[in-house]
Amino acid sequence: MNAFLGTTSITVSLWLVLVGAAMTIAVSFAAIILGFILAAPVCAARLSSSWLARRAGGLYVSIFRGVPLLVQLLVAYYLLPFFGLDLPSFFAAAIALGVCTAAYQAENLRGGFLVIPAGQRAAARAFGYSNLQTWRRILLPQALRAAAPAMVNEIISILKASSLVSVVGVADLTRVTQNIVARNMRPIFWYSLAAAVYLLINLVLAGAGNLAERRL
């Protein structure tokens, strides 16, 4: 009977680990998508001819790269309700991760734009392209290709950093593993399993990134 209960407990715990891994992937990708949406205008501001826009973009990057992510998570979780945004912990964590990774993604994109020869803009104007068409059809695809390795690294980094969301109550892989260890008292086995799951997810992401780079 005890053996059966022990087997059942392990089965349930393994299922919870999978659920926690799914939550980790979900909050990470929500943050990455939000980060890319925010990174585009920040990058544009950093490359703008306007002094004020460049300063604003630089200030954004400096703040969100300079403040520890854990502090950003706690600020988002406790500050958003003051503005009437009483969001579930998942969304608060995704927003905090998103605005943080946007600063890094913006700099990765900016680096991609800076390697494009300046003569391509002049050539685009000579062919009658508008500024928006030049940016969308000529510059952005090349910048994405140049920034692809750094962007893949940032995706992997934010997935690993997502382990911090457990401090604001998100039942991610780290939080679930901590709860299982508190109940089953097998820290070496369960934390090693969590590490293996993180490694597996990151290997899949790295493989997908390499495939995307070859296609680009």
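1. Is D86 buried or exposed? In this predicted model, D86 is exposed, since its relative accessible area is 68%, and a residue counts as exposed when that value is over 50%. D86 sits in the loop between α3 and α4. Its C-alpha atom is separated by 36 Å from that of W51, a residue 35 places away along the chain.

2. The loop that holds D86 also holds L85, which is placed between α3 and α4. L85 has a relative accessibility of 41% and therefore counts as partly exposed, the class that lies between the limits of 20% and 50%. L85 is also one of the residues of a nonpolar patch on the surface, whose members include L59, V71, F82, F83, L87 and I95, and which has about 1,100 Å² of accessible area in total.

3. As to where this patch comes from, the elements that contribute two or more residues to it are α2 (51-66), α3 and α4. Helix α3 supplies the largest share, with 3 residues. As a point of background, nonpolar side chains in soluble globular proteins tend to be buried together; the patch described here, by contrast, is on the surface.

4. On the overall fold, the secondary structure of the protein chain consists of 8 helices and 0 strands, so that the order of elements from the N terminus reads α-α-α-α-α-α-α-α. The C-alpha trace spans about 80 × 45 × 25 Å along its principal axes. Of the contacts with a separation of 6 or more, 75% are between residues 24 or more positions apart.

5. Concerning burial and surface, 37% of the 216 residues in the protein chain count as buried. The accessible surface of the chain comes to about 12,200 Å², and carbon and sulfur atoms account for 70% of that area.

6. The interior can be described through its nonpolar cores, the largest of which has 18 residues, with L69, L73, A93, L97 and V165 making the most contacts inside it. Two or more residues of this core come from each of α1 (2-46), α3 (69-79), α4 (89-114) and α6 (131-161), and the greatest contribution is that of α4, with 6 residues. A second core, separate from this one, has 17 residues, among them V61, L109, I138 and L139.

7. V165 deserves a separate word. Once its neighbours within four places in sequence are set aside, V165 is in contact with L73, A93 and L97, and also with V170 and D172. L73, A93 and L97 are themselves listed, together with V165, among the residues with the most contacts inside the largest core.

8. Helix α8 covers residues 187-215, and its length can be checked against expectation: at 1.5 Å a residue, its 29 residues should span 42 Å, and the C-alpha atoms at its ends are 42 Å apart, so the two values agree. The buried residues of α8 are W190, A194, V197, Y198, I201, N202, L205 and G209, a list in which N202 and G209 appear beside residues such as V197 and I201.

9. A last point links α8 to α1 through S13, a residue of helix α1. S13 has a relative accessible area of 0% and is therefore buried, the limit for that class being under 20%. Leaving out residues up to four places away in sequence, S13 touches I180, R183, N184 and W190, and W190 is one of the buried residues of α8.

Technical notes
Residues numbered from 1 in each chain as written. Heavy atoms only, no water. Core = buried A, V, L, I, M, F, W, Y, C linked by side-chain atoms within 4.5 Å. Buried < 20%, exposed > 50% of the residue type's maximum accessible area, 1.4 Å probe, protein only. Helix = DSSP H or I, 4+ residues; strand = E, 2+ residues; numbered from the N terminus. Contact = heavy atoms within 4.5 Å. Expected span 1.5 Å × (residues − 1). Patch = residues over 30% accessible without salt bridge, like charges linked within 9 Å, V, L, I, M, F, W, Y side chains within 5 Å. Areas by Shrake-Rupley, 256 points an atom, 1.4 Å probe, with all protein chains shown as cover. Salt bridge = Lys/Arg side-chain N within 4 Å of Asp/Glu carboxyl O.
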